[in-house]
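Student: Could you take me through one part of this structure, slowly and closely? I would like to see how two helices can pack together.

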Amino acid sequence: MKRIARRDKLKIYGDLLSILNEETGKDKVVLTRVQVRLNVPFDRLKTYITELGGLGLIEDENSLKLTEKGKQYLKEYESVLDFMKRMGLAYQ
Amino acid sequence: MYEAPRFAIEIASAVMYFILLRYMIKPYGLTREERYLGLPLGFGFLGVAETILAIGIIYPINGLGTVSVVMRTFAFVFLAFTYYFSKKPSKNSRFIWVIILSAIIVGLTTWFLWLFSAPLLALGITAGFGIFLRILALVCLAYICVHTLRSHLKSLDPTTIWIPLGFIMLSVSQYSQLIRAADENYLYGVAFVGGLTARLIALAVFLYVAYRTFYRATKRGGIDEADRS
């Protein structure tokens, strides 16, 4: 059986922001779809969303979406992860 | 004979290492994990080593070359340990990495205290020890090359081939330094020019990778899709 690597909070936050960024392009962000894509229990997803909202990275007006700060963070996060991959230092 | 171009190349190398340091600190800045601390420390030490070497060309003070060799070797040790621990993110490995990091720093500090408190004794030993240090640096670089190449072969992503190439060029540069240290007369010119050229190519490769990653990012997720084609 293939062992799934444990993700730390930073990786989960990054994945959640990335998924939300992709889902924002659609009509409405459906939390169940986000939950399935992120692969976390629903109650924990709600906690992460609250935490990210508290950090000012996402906002919930009509639908969940990334703030400017969130978009900047996601861009930096993906750039650094890409840099680490290119350097041969995969972040696990 | 080669002093002026050599000074220029050492300064250029030091500047490039310090520019790279700015990017190498980003993985630690994002993750706050100690196992990535060796990357900025390694490149920072390499920058300092080149600066000391450049100063040594202008002011030929006894012992500056030795200090530079020691710093460069420690830099490669930092880098090698960073790569070694990058694949083992367990609590135990973090603990071991912190111990090793502390040991390297204590070792380096002890070396310098020894060098400055008993310079004659230290210099007498380091004259023969220099070759060992260069071999150690070469071994560390060989490990990094293998690690990065294996990582590239795992993903088979065209964007990950540049860093192994950069480290291979740094190894060539280090090997030429070893030849020069072992026999200053034999192939001096070839080793000298070849080594410096290889180092500049390596640094150019690292800078290119950093530039492609951080400044040529497309809107889609920040990753340059053109790189993958």
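Tutor: Here is a close look at one helix pair, with a link between chains to finish.

This is a predicted model, where local features need pLDDT of at least 70, side-chain atom pairs count only at pLDDT 80 or more, and totals for chains, interfaces and linings use all residues. Residues are numbered from 1 along each chain as its sequence is written, chains are lettered from A and ligands numbered from 1 in the order written, and side-chain values use heavy atoms, without hydrogens and water.

In chain A, helix α1 (residues 9-24) packs against helix α3 (residues 42-54) at an angle of about 85°, their axes being 11 Å apart. Helices here are DSSP runs of H or I with at least four residues, numbered from the N terminus. That angle makes α1(A) roughly perpendicular to α3(A), a term for 65 to 115 degrees. On the α1(A) side, K9(A), I12(A), Y13(A), L16(A) and L17(A) make the contact (heavy atoms within 4.5 Å). From α3(A) come L45(A), Y48(A), I49(A), E51(A) and L52(A). Eight of these contact residues are nonpolar, two are charged and none is polar.

Elsewhere, E76(A) forms a salt bridge with K26(B), with the closest N and O atoms 3.1 Å apart (the cut-off, from a Lys or Arg side-chain nitrogen to an Asp or Glu carboxyl oxygen, is within 4 Å). This pair joins two chains, because E76(A) lies in helix α4 of chain A and K26(B) in helix α2 of chain B.

Technical notes:
Axes fitted to C-alpha atoms, helices over the stretch in contact; angles between N-to-C directions. Parallel < 35°, antiparallel > 145°, perpendicular 65-115°, else oblique. Nonpolar A, V, L, I, M, F, W, Y, C, P; charged D, E, K, R; others polar.
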